[in-house]
Amino acid sequence: RPARAQAPVIVLVGPMGVGKTTVGELLAERLGTGFRDSDADIVAAQGREIADIFVDNGEAHFRSLEREAVRLALAEHRGVLALGGGAVLDSGTRELLAGLPVVFLSMEVAEAARRVGLNTARPLLAVNPRQEWKRLMEARRHHYTEVARVVVTTDGRTPGEVADAVLDAL
Ligand code: S3P
């Protein structure tokens with residue numbers, strides 16, 4: 001069987017806090033498929049939290065675990081797959097996404113500040129959430145755009161409305 005027959009229906013990329021998990025679960029429900037999340041897969045495989053992996057082993061190691069998690073998910077899973085916000089930084093991970101229906105969920109910094117500002121579970125945003133989020137977004141936007149088939153904005157939309165917009169866009 002060709003590998004593509006095992007490919008997920010939809011891959012969600014975008015910055016931390018944009019709602020990839022929430023929207024992904026909704027989409028999976030509507031499509032009657034399963035949902036996977038690379039962060040959750042890494043935590044399950046490693047038996048430790050993402051923040052601990054960053055502190056103990058560094059970001060480069062985390063990116064290689066993430067690439068492996070994405071490779072496995074794409075091989076095993078047919079449904080909706082959400083990637084961690086920085087997954088697109090890795091060229092190997094980007095290559096895995098070639099030709100797939102990838103959706104870039106985007107949002108403006110004002111909305112992001114409200115959504116992720118108080119969440120200390122995200123190691124990259126621990127010091128100055130608003131400024132760091134903006135800096136990361138500026139550094140990553142071209143990668144999100146490069147891998148994505150469509151861009152869907154989440155500003156001013158409920159998760160249900162975002163899920164509708166994703167289904168319309170694909
Ligand atoms: C990261 C995003 C996180 C998680 C890790 C690093 C990033 O995923 O993978 O903390 O580099 O943007 P979410 O986008 O699901 O928060």
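Which residues of helix α8 (residues 159-169) are buried? In this predicted model, they are V162, A163 and V166. Looking down the axis of α8, you would find these buried residues within an arc of 100°, so they line one face of the helix. The spacing fits a simple rule of thumb: an α-helix has 3.6 residues a turn, so residues three or four places apart point the same way.

What does that buried side meet? The buried residues of α8 pack against β1 (10-13), α1 (20-31), β4 (102-106) and β5 (150-153). On the face turned away from the buried side, α8 carries the exposed residues G160 and D168.

Now for a pair of helices elsewhere in the chain. The axes of α3 (residues 50-57) and α4 (residues 59-76) come within 7 Å and cross at roughly 130°. With that crossing angle, α3 is oblique to α4. On the α3 side, the contact is made by I53, F54 and N57, while α4 brings E59, H61, F62 and L65.

Next comes the ligand. There are 10 residues around it, and M16, D39, G84, G85 and G86 come nearest.

The table sets out the residue classes at the helix contact and around the ligand.

| Site | Nonpolar | Polar | Charged |
|---|---|---|---|
| Contact of α3 with α4 | four residues | two residues | one residue |
| Shell around the ligand | four residues | three residues | three residues |

To bring the picture back to α8: V162, A163 and V166 are its buried residues, and G160 and D168 are exposed on the face turned away from them.

Technical notes
Residues numbered from 1 in each chain as written. Predicted model: local features only at pLDDT ≥ 70, side-chain atom pairs only at ≥ 80, totals over all residues. Axes fitted to C-alpha atoms, helices over the stretch in contact; angles between N-to-C directions. Helix = DSSP H or I, 4+ residues; strand = E, 2+ residues; numbered from the N terminus. Parallel < 35°, antiparallel > 145°, perpendicular 65-115°, else oblique. Contact = placed C-beta atoms within 7 Å. Nonpolar A, V, L, I, M, F, W, Y, C, P; charged D, E, K, R; others polar. Near = placed C-beta within 6 Å. Buried ≥ 20, exposed ≤ 12 C-beta atoms within 10 Å, placed from the backbone. Arc of directions from axis to C-beta.
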